[in-house]
Amino acid sequence: MENSLIEQLYEAYLAHPSITTDSRKVEPGQIFFALKGERFDGNAYVDEVLAKGASLAVIDDASRSKEGTFLVPDVLTALQQLAAHHRKQFRNWQRPVKVIGITGTNGKTTTKELIRTVLGRKFNVLATEGNLNNQIGVPLTLLRVKPEHELAIVEMGANHPMDIAELCAIVHPDFGLITNVGKAHLLGFGSLEGVIAAKTELYKSVAADGGMIFIDSFNRDLLNKAITYGVQCRPYLPGTVDDCSPYLTLSIYDTEAPEPIQVHTHLIGSYNAINCLAAATVGRFFGVSIEEVGKAIESYEPQNMRSQLVDLGYGNQLIMDAYNANATSMHAALSSFKMNNAPHKSVILGDMRELGDESQKEHGNVLNYLFTSGIELDMIVLVGKEFCKAFKTWGMTYAKQHPMNVRCFDNVQDLIDDGSTLGNMGGTILVKGSRSMQLEKAAEAIKNIFINK
């Protein structure tokens, strides 16, 4: 798109610095970007948004052109280029805004929220809302940054090899943090090596702009990549897991403090310790005291089925970790659940999606862990055709060698319709699966059962 068009569009944005892509939620004065999808065309809603008071509708359908519209070759490209142009201005402001880019297979959103909470103790921070971390969400995040902000935290997700590189070309982060790399979206990346190559595009971008990266020193794949790119890293801030039954308690060691601080979090799972340490490291780098770091982490409460604890009463509880699942996060959740010292434990596990040719192997690996790791479970409930197929292929052999109460269901509705499974569950129940499995419906059914007891 021609620079003159972007500059004209930017002038309109400066006059009305609020963007929306949802015609249903347009507010007076906002600029509407008429994006297209597989099942919708935002151009069709131009009259509606203008009637609602939109200051401008950015379109790419010339037949819809009228007063109040701004015609571009492609609306998504225009949104991204506008965001990139806005990002360039950050360095020219009286108080330049620094940008922290975050990506990784697991823990991106939790780590981003922890960092936002920690840095918020000292700075005016803007961060990605929810998990709006794709080719649309990232530009929208940048366009929310104003001169009054001091730091911007931008979460970046990826399903395909060049996603991070393309987002970095818009964001140009001054700092980079990759939470981890694991077996997720293998259908798009092809292999774990493909995941590593894609995620570490963030390091390349930061290095090219002379920035700094933050690294989990135990993740050798990422550390080696960082050395390859010649980027200096912040010294690792060590910590230890003290307890996770069910909430995580950890100790953080700071070289400037005589004693470690103990942090009692509202997070479930030992795997969240590294996310807390990432936030602590970033916070200390930016001058937040270790005491304030601890208070900030303790104040954070997870949302949206990310390691949430639901009290069912009578000593029973649900651990809801059903926002997403892949091979790496599933093993982390089960390993942590093994450490939980609750007297009665069960699991409801849903299929892990987008694993491509590795799907059956990875579902089989989960079953192998369940039956051979020594984790004590009253009941194992498997939901989804992948888990059911893997159980028929390998699980029955494991079950004969290590007897456990296993029940399989093709989908969550079949589980709910079953007359006895959910009603016979109790104690501490881990619910883990890909978002598309809709395991929150099973959780809601369990809650209703306990309410009516």
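# Notebook: loops, sheet, helices and cores

**Entry 1, a loop residue.** I began with Asp418, which I found in the loop between helix 16 (412-417) and strand 18 (428-432). The model I am reading is a predicted one, and I keep that in mind for every entry below. I looked up the accessibility of Asp418 and noted a relative accessible area of 29%, so this residue is partly exposed, a class that lies between under 20% for buried and over 50% for exposed. Not counting residues up to four places away in sequence, I see Asp418 touching Arg407 and Phe409.

**Entry 2, positive phi.** I then looked for unusual backbone angles, since most residues other than glycine have a negative phi. One of my finds is His172, which is not a glycine and yet has a positive phi of about 45 degrees. This residue lies in the loop between helix 6 and strand 8, and with 31% relative accessibility I count His172 as partly exposed. Another is Gln438, also not a glycine, whose phi is positive and near 55 degrees. I place Gln438 in the loop between strand 18 and helix 17 (440-451), and I note its relative accessible area of 33%, which makes it partly exposed.

**Entry 3, the helix before His172.** Because His172 follows helix 6, I went back along the chain to that helix. Is helix 6 mostly covered or mostly open? I find it mostly covered, with seven of its nine residues buried. The buried residues are Asp163, Ile164, Ala165, Leu167, Cys168, Ile170 and Val171.

**Entry 4, the five-stranded sheet.** I next traced an open sheet of five strands, whose order I wrote down as 6-7-5-8-9 and whose pairing is parallel. Strand 6 (125-127) and strand 9 (212-214) are the edge strands, each of them pairing on one side only. From one strand to the next I note a twist that averages 20 degrees.

I then took strand 5 (residues 98-103) by itself, and I looked at its pairing on each side. With strand 8 (residues 175-178) it pairs in the parallel sense over four bridges, and with strand 7 it runs parallel and is joined by five bridges. Gly101 appears in both pairings: its bridge partner in strand 8 is Gly176, while its bridge partner in strand 7 is Val154. I also noted that Ile100 stands opposite Phe175 in strand 8. Why do I call strand 5 largely enclosed by the rest of the structure? I do so because five of its six residues are buried.

**Entry 5, helices on the sheet.** I looked up which helices pack here, and I found helix 4 lying across strand 5, strand 6, strand 7 and strand 8, with its direction at about 170 degrees to that of strand 7. Helix 11 packs on the sheet as well, where it touches strand 5, strand 8 and strand 9, and its direction makes about 145 degrees with that of strand 9.

I then compared the two helices with one another. The axes of helix 4 (residues 108-119) and helix 11 (residues 273-285) come within 9 Å and cross at roughly 35 degrees, and the crossing is right-handed. On the helix 4 side I listed Thr110, Thr111, Leu114, Ile115, Val118 and Leu119, which meet Asn275, Cys276, Ala278, Ala279, Val282 and Gly283 in helix 11. By class, I count eight nonpolar and four polar residues in this contact, and no charged ones.

**Entry 6, the nonpolar cores.** My last lookup was the largest nonpolar core, which has 42 residues, and in which Leu9, Ile19, Phe33, Val58 and Met156 have the most contacts. Among the elements that give two or more residues to this core I noted helix 1 (3-15), strand 2 (31-33), strand 3 (56-59), strand 7 (151-155) and helix 6 (163-171). Which helix gives the largest share of this core? I find that it is helix 3, with six residues.

I followed Met156 further, leaving aside its neighbours within four places in sequence, and its contacts include Gly101, Ile102 and Thr103, together with Ile164, Leu167, Cys168 and Val171. Gly101 is the residue whose bridge partners I had listed in strand 8 and in strand 7, and Ile164, Leu167, Cys168 and Val171 are among the buried residues of helix 6. Apart from the largest core I recorded another core, of 35 residues, which includes Ala127, Leu267, Ala280 and Ile297.

Conventions
Residues numbered from 1 in each chain as written. Predicted model: local features only at pLDDT ≥ 70, side-chain atom pairs only at ≥ 80, totals over all residues. Heavy atoms only, no water. Axes fitted to C-alpha atoms, helices over the stretch in contact; angles between N-to-C directions. Left-handed = near helix turned anticlockwise from the far one by under 90°. Contact = heavy atoms within 4.5 Å. Nonpolar A, V, L, I, M, F, W, Y, C, P; charged D, E, K, R; others polar. Core = buried A, V, L, I, M, F, W, Y, C linked by side-chain atoms within 4.5 Å. Buried < 20%, exposed > 50% of the residue type's maximum accessible area, 1.4 Å probe, protein only. Pairing = 2+ DSSP bridges.
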